[in-house]
Amino acid sequence: NADTTTKPKTSEGCEECVKIGDKWVHLPLCFPCGHVGCCDSSQNKHATKHYHETKHPVMRSFQPGEHWRWCYIDELMAE
């Protein structure tokens, strides 16, 4: 499975939320670079902010047992 080739930069959770001591709902992993951010259901929406800063379009779930992907360009979710 190609998903396992993207190495997360952290295993602790959303990189930015950990730094500021905040919480998250779900954790998307940036497919190209391994950034771990928080989803749009979370207060800070760090995964979407990461997309706007880097233009890395594809995220995948970092949650155990979840296998979805999200593309910001097409606004499509795939399982």
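This report describes the loop between β1 and α2, the residues packed around it, and the pocket and cores of a predicted model.

## Basis of the values

The model is predicted, and local features need pLDDT of at least 70, side-chain atom pairs count only at pLDDT 80 or more, and totals for chains, interfaces and linings use all residues. Residues are numbered from 1 along each chain as its sequence is written, and side-chain values use heavy atoms, with hydrogens and water left out.

Helices (H or I, at least four residues) and strands (E, at least two) are DSSP runs, numbered from the N terminus. Buried stands for under 20% relative accessible area, exposed for over 50%, and partly exposed for values in between, with a 1.4 Å probe and protein chains only. A contact has heavy atoms within 4.5 Å; the contacts listed for single residues leave out neighbours up to four places away in sequence.

## The loop between β1 and α2

The loop that holds D40 runs between β1 (28-30) and α2 (46-54). D40 is partly exposed because its relative accessibility is 43%. Its contacts are K45 and T48, and the side chains of D40 and T48 are joined by a polar contact of 2.6 Å. A polar contact is a pair of N or O atoms within 3.5 Å; within protein, one must be able to donate a hydrogen and the other to accept it, and residues adjacent in sequence count only if both atoms are side-chain atoms. D40 and D74 are separated by 34 residues in sequence and by 16 Å between C-alpha atoms.

K45 is in the loop between β1 and α2, and K45 is partly exposed because its relative accessibility is 36%. The phi of K45 is positive, near 50°, in a residue other than glycine. S42 also belongs to the loop between β1 and α2, but S42 counts as buried because its relative accessibility is 3%. S42 touches W24, V25 and H26.

H35 lies in the loop between β1 and α2 and is buried because its relative accessibility is 4%. The side chain of H35 makes a polar contact of 3.0 Å with that of E16. The contacts of H35 are K9, E15, E16, P28, L29, C30, H46 and H50. P32, in the loop between β1 and α2, touches H56 and V58; the C-alpha atoms of P32 and V58 are 7.4 Å apart, with their positions 26 residues apart in sequence.

## Strand β1 and helix α2

P28 is part of strand β1 and is buried because its relative accessible area is 5%. Residues in contact with P28 are H35, V36, G37, C38, C39, A47, M59, R60, F62 and W68. P28 and V58 are 30 residues apart along the chain, and their C-alpha atoms are 9.4 Å apart.

In α2, the buried residues are H46, A47, T48, H50 and Y51. Their cover includes α1 (15-20), β1 and β2 (58-61). K55, just after α2, has a positive phi of about 65°.

## Nonpolar cores

A nonpolar core is a set of buried Ala, Val, Leu, Ile, Met, Phe, Trp, Tyr and Cys residues joined through side-chain atoms within 4.5 Å. The largest one has six residues, C14, C17, L27, L29, V36 and C38. Another core lies apart from it and has five residues, among them C30, A47, Y51 and M59. In soluble globular proteins, nonpolar side chains tend to be buried together.

C17 of the largest core is in contact with D22, K23, W24, C38, N44 and H46.

## The largest pocket

A pocket is an open set of points on a 1 Å grid over the protein atoms alone, where a 1.4 Å probe fits, with protein on both sides within 12 Å along at least five of seven lines; lining residues have an atom within 4 Å of a point. Grid points are joined across faces, edges and corners, and a volume is the space filled by probe spheres set on the points.

The largest pocket holds about 200 Å³ of space. Its lining consists of H26, P28, C39, D40, S41, A47, T48, M59, W68, W70, Y72 and M77. By class, this lining has eight nonpolar, three polar and one charged residues. Ala, Val, Leu, Ile, Met, Phe, Trp, Tyr, Cys and Pro count as nonpolar, Asp, Glu, Lys and Arg as charged, and the others, Gly among them, as polar.

## The loop between β3 and β4

E75 is in the loop between β3 (69-71) and β4 (76-78). E75 is exposed because its relative accessible area is 59%. Its phi is positive, about 50°, although E75 is not a glycine.
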